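Reader: I am new to protein models and would like to learn how to read one, feature by feature. Could we go through an example together?

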Amino acid sequence: MEHFCRQRCGGGGKVEYALKKGIDIAIDDNSSILWEAYKKGLWVMPIATWHEDHSYFQKQGVTVYNDFVEAAQALIRMGP
């Protein structure tokens with residue numbers, strides 16, 4: 001069984017892999033991956049970068065995080 005993705009999006013991508021594994025949260029900085037995850041019903045936790053502020057998600061009421069640590073800490077605070 002493979003435990004990695006061959007593509008960012010689409011067939012063999014991160015979102016497809018997450019769905020197969022029963023994962024329903026996507027933490028990423030890539031807007032294409034996040035958009036695919038959002039459209040497929042995953043809860044997205046966007047990471048802002050110098051070239052991507054994820055303003056679309058902010059307009060949808062989705063919290064955008066400054067870095068992975070901040071997103072991970074928020075996820076831990078949410079609990080099981």
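Author: What follows is a conversation about strands, burial, salt bridges and helix ends in this model, which is a predicted one.

Reader: Let me begin with the strands. In which sense do β1 and β2 pair, and over how many bridges?

Author: Strands that pair if DSSP finds at least two bridges between them can be described by their sense and by their partners. Here β1 and β2 pair in the parallel sense, and the pairing extends over four bridges. To take one residue as an example, Ile27 has Met45 in β2 as its bridge partner.

Reader: What kind of unit do β1, α2 and β2 make?

Author: Together these three elements make a β-α-β unit, and the unit is right-handed. The helix of the unit, α2, covers residues 31-39, and Ser32 is found in it. With a relative accessible area of 44%, Ser32 is partly exposed, and its C-alpha lies 9.9 Å from that of Gly10, although the two are 22 residues apart in sequence.

Reader: Which residues of β1 are on its covered face, and which are on the uncovered one?

Author: The covered face of β1 holds Ala26 and Asp28, whereas Ile25 and Ile27 belong to the uncovered face.

Reader: Asp28 caught my eye there. Is Asp28 buried or exposed?

Author: The general idea is to compare the relative accessible area with a cut-off, and buried means under 20%. Asp28 has a relative accessibility of 9%, so it counts as buried. Asp28 sits in strand β1, which spans residues 25-28, and, leaving aside neighbours within four places in sequence, it is in contact with Lys14, Ile33, Leu34, Met45, Pro46 and Ile47.

Reader: Which polar partners does the side chain of Asp28 have?

Author: One partner is the side chain of Lys14, with which Asp28 makes a polar contact at 3.0 Å. Another is the backbone nitrogen of Asn30, which lies 2.9 Å from a polar atom of the Asp28 side chain.

Reader: How many salt bridges does the structure hold?

Author: The structure holds three salt bridges. One of them joins the side chains of Asp28 and Lys14, at 3.0 Å from N to O. This pair links distant parts of the chain, since Asp28 is in strand β1 and Lys14 is in helix α1 (residues 14-20), 14 residues apart. Unlike the buried Asp28, Lys14 is partly exposed, with a relative accessible area of 39%.

Reader: What separates Glu16 and Lys20 along helix α1?

Author: Glu16 and Lys20 are four residues apart in helix α1, which means that about one helical turn separates them. Their side chains meet in a salt bridge of 3.6 Å, N to O. Glu16 counts as partly exposed at 28% relative accessibility, while Lys20 is exposed, with a relative accessible area of 65%.

Reader: Which side chain does Lys40 meet in a salt bridge?

Author: Lys40 meets the side chain of Glu36, at 3.4 Å from N to O. Glu36 counts as buried at 10% relative accessibility, whereas Lys40 is partly exposed, with a relative accessible area of 46%.

Reader: Now I would like to read a residue in a loop. Where is the place of Ile47, and which residues does Ile47 touch?

Author: Ile47 lies in the loop between β2 (43-46) and α3 (55-59). With a relative accessible area of 10%, Ile47 is buried. Not counting residues up to four places away in sequence, it touches Ile27, Asp28, Asp29, Glu52, His54, Tyr65, Asn66, Asp67, Phe68 and Ala71. Its C-alpha is separated by 15 Å from that of Glu36, which is 11 residues away along the chain.

Reader: Asp67 is in that list of contacts. What does Asp67 cap?

Author: Asp67 caps the N-terminal end of helix α4 (residues 68-78), where one of its side-chain oxygens lies 3.3 Å from the backbone nitrogen of Val69.

Reader: Which residue follows α4, and what is the sign of its phi?

Author: Gly79 follows α4, and its phi is positive, near 75 degrees.

Terms used. Residues numbered from 1 in each chain as written. Predicted model: local features only at pLDDT ≥ 70, side-chain atom pairs only at ≥ 80, totals over all residues. Heavy atoms only, no water. Helix = DSSP H or I, 4+ residues; strand = E, 2+ residues; numbered from the N terminus. Buried < 20%, exposed > 50% of the residue type's maximum accessible area, 1.4 Å probe, protein only. Contact = heavy atoms within 4.5 Å. Polar contact = N/O pair within 3.5 Å; in protein donor to acceptor, adjacent residues only side chain to side chain. Right-handed = clockwise from strand over helix to strand, strands pointing away. Salt bridge = Lys/Arg side-chain N within 4 Å of Asp/Glu carboxyl O.
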